[in-house]
Every structure is written in structure tokens, then in C-alpha cells.
Amino acid sequence: MIDVEKINDVMVISFSENSKLNVTVTQKIKTEVIKVITPNAKVALNLSGVSYIDSTGFGMLLSILRHCKNSNASLKLCNISPEVMELVKLLQLQTVFDIRESVDDCIKSF
């Protein structure tokens, strides 16, 4: 479901291709992601494999962000598809999340 790799000192969490972050998977994914986030971590969520996010998916992303803030960790999102980005802007979440174009941009911006 998720793939975690460490590049330099940044934890890059990616999703499998054609993932849909919806009510059927978000609780499991949130649990997996929160388990791997350590205090003071630098986390890049690579959304390149995500083709769809519903309200529970956005809720999951906000929960992960809250967990990061409580753990003094940094979270950045990257590789958001144009369709998902439309929803992000519709919900005005581009002001809540630090969104970057690519994984490289995320890593460089920490």
C-alpha cells in the first residue's frame, strides 16, 4: 500500500500506482504512515500514484499533518496529479500543506 524510502535525511512515502485514497483504505494507510513518522522527521508524501482522493482521504492527510506537527516533524506533499490538485484548491488546502512539484523539490526545500 505504501512504500517508504530514505533519501538523504528525508523519509519519502509513496503510494502504489492508481491508488485511490477513499473510505475503504484511509484508516489502514494513516496507521501505516503514522507508525513510520519519528519525532523531528522530514517527511515527503509522494502522491504520484494517487489518482483520486475523497473527503476521508483529505481527512487522513490532515491527520498525518497534525501528527507531524505534534511530533515536531515536517511534512511536504509532492507530485499531485492535476485532478487531485483541483480538489486541493477547491478545498483551499494549498494554504495548509507545503506542496512541491517533485520529490527532489521536497528534499531540497527541507
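## A salt-bridge network

K76, D98 and R100 are joined in a network of salt bridges. This is a predicted model, and the total number of salt bridges in it comes to four. Within the network, the closest N and O atoms of K76 and D98 sit 2.7 Å apart. K76 belongs to strand 6 and D98 to strand 7, so this pair ties together parts that are 22 residues apart in sequence.

Are the two partners buried or exposed? K76 is buried, at 8% relative accessible area, while D98 is partly exposed at 27%.

## The other charged pairs

Side chains of opposite charge can pair when their charged atoms come close. One such case is D9 with K42, a salt bridge with an N to O distance of 2.8 Å. Here too distant parts of the chain get linked: D9 is in the loop between strand 1 and strand 2, K42 is in strand 4, and 33 residues separate them. D9 has a relative accessible area of 43%, so it is partly exposed; K42, at 27%, is partly exposed as well.

E32 and K28 make a more local pair, both in helix 1 and four residues apart, about one turn of the helix. Their salt bridge has an N to O distance of 3.9 Å. K28 counts as exposed because its relative accessibility is 52%, and the cut-off is over 50%.

## The hairpin at the start

Strand 1 (residues 2-7) and strand 2 run antiparallel, joined by six bridges. K6 faces M11 of strand 2 across the pairing. Two residues lie between the strands of this hairpin, and N8 takes a positive phi near 55° there.

## What fills the inside

Which residues touch the most other members of the largest nonpolar core? In this set of 30 residues, they are F15, I29 and L75. Several elements each give at least two residues to this core, including strand 2 (10-15), helix 1 (26-36) and strand 6 (74-78). Helix 2 supplies the largest share, six residues. Another core lies apart from this one, with seven residues, among them V12, C78, V103 and I107.

Looking past neighbours within four places in sequence, F15 is in contact with residues including M1, I29, L45 and V50. T26, in helix 1, is buried at 7% relative accessible area. Beyond its own neighbours within four places in sequence, T26 is in contact with L21, T56, G57 and M60.

## A greasy spot outside

L87, L90 and L91 form a nonpolar patch on the surface, together offering about 290 Å² of accessible area. L91 is in the loop between helix 3 and strand 7 (98-100), and counts as partly exposed at 47% relative accessibility.

Technical notes
Residues numbered from 1 in each chain as written. Predicted model: local features only at pLDDT ≥ 70, side-chain atom pairs only at ≥ 80, totals over all residues. Heavy atoms only, no water. Core = buried A, V, L, I, M, F, W, Y, C linked by side-chain atoms within 4.5 Å. Buried < 20%, exposed > 50% of the residue type's maximum accessible area, 1.4 Å probe, protein only. Contact = heavy atoms within 4.5 Å. Patch = residues over 30% accessible without salt bridge, like charges linked within 9 Å, V, L, I, M, F, W, Y side chains within 5 Å. Areas by Shrake-Rupley, 256 points an atom, 1.4 Å probe, with all protein chains shown as cover. Salt bridge = Lys/Arg side-chain N within 4 Å of Asp/Glu carboxyl O. Pairing = 2+ DSSP bridges.
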